[in-house]
Amino acid sequence: LRDGGFRSHFFFFFFLNRYDVEEMVRILQKVGMIRQLASKGFSNPVYEIFRDSQQIHYFRIFPDAKKDPSKVLVDLRLSEKRFIPETLRVEAFRDVLFDMFVIEWLQTQNPVSGEFSAERPQLPGQRRPGLGCLKYLMLMMNEVSPGITLDGFLDVPDHFHLAVMYSKSFMFFDPVVQGTVKAVLRDTEGSSLSDITWGAMTGTLVDGKTGE
């Protein structure tokens, strides 16, 4: 808009090209995430949706209107990419490709509680205790799926505990990996997820039959 040489720019962003803040709040209310945040002491969170210069979709939740990046509660970033399963040498998906929303970054943290405990020990990659929100974010992705134009969501977990958490809502493209994760959980029954994931990271989680 021009007025006496003054130009103003107004930008309205939609998460995943479809959902505005009001719709996202409604979805989060439906899946129980807002109630979960309130149980952790964050009753009036502030939401932020935008796309950066690389066309990465951002969905962030802050404890207040200051929107301090160091105190972000939830930071979800998604890109749009074409995924070719054949690169994984999975025969079932030969000559098939998918246009996906790829989870580039997903962080949930409690910025006012820096103490880990024996009940909730620090996991690889964690700087602060979590909020117990991952399952609600998975439910949120399920809720928004009917409205998106791509084929689905894709994630490449960088730690074993994340692979386990995601596997409650996601399936691995490679059935061998799917079976391996299930076998590890079967054979380590009774061990904590913290011990298992640290074992995977440090190379001390060993197959008793093969030594691998």
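These legends go with close-up views of a predicted model.

**View 1. Helix H6 and the helices it packs against.** Here we're looking at helix H6, residues 193-202. Ser 194, Ile 196, Thr 197 and Gly 199 are its buried residues in this view. The buried part of H6 packs against two helices, H4 (160-166) and H5 (175-187). Just after H6 comes Gly 203, and its phi is positive, near 80 degrees.

**View 2. The largest pocket and its lining.** This one holds about 1,300 Å³ of space. Its lining takes in 46 residues, and those nearest the centre are Thr 108, Gln 126, His 161, Leu 162 and Met 165. Strands S5 (74-83) and S6 (98-108) each give two or more residues to that lining, and so do helices H3 (134-144), H4 and H6. S6 puts in the largest share, with six residues. If you're after the chemistry of the wall, it splits into 21 nonpolar, 13 polar and 12 charged residues.

**View 3. The second largest pocket and its lining.** The volume in this case is about 590 Å³. Of the 23 lining residues, Phe 153, Leu 154, Asp 155, Phe 170 and Met 171 sit nearest the centre. H3, strand S7 (152-154) and H4 are the elements that supply two or more residues each. H3 has the largest share here, at four residues. Sorted by class, the lining comes out as 16 nonpolar, five polar and two charged residues.

How values were computed. Residues are numbered from 1 along each chain as its sequence is written. This is a predicted model: local features need pLDDT of at least 70, side-chain atom pairs count only at pLDDT 80 or more; totals for chains, interfaces and linings use all residues. Side-chain values use heavy atoms; hydrogens and water are left out. Buried means under 20% relative accessible area, exposed over 50%, partly exposed in between (1.4 Å probe, protein chains only). Contact means heavy atoms within 4.5 Å. On a 1 Å grid over the protein atoms alone, a cavity is a set of points where a 1.4 Å probe fits but cannot get out, and a pocket is an open set with protein on both sides within 12 Å along at least five of seven lines; lining residues have an atom within 4 Å of a point. Grid points are joined across faces, edges and corners, and a volume is the space filled by probe spheres set on the points. Ala, Val, Leu, Ile, Met, Phe, Trp, Tyr, Cys and Pro count as nonpolar, Asp, Glu, Lys and Arg as charged, and the others, Gly among them, as polar.
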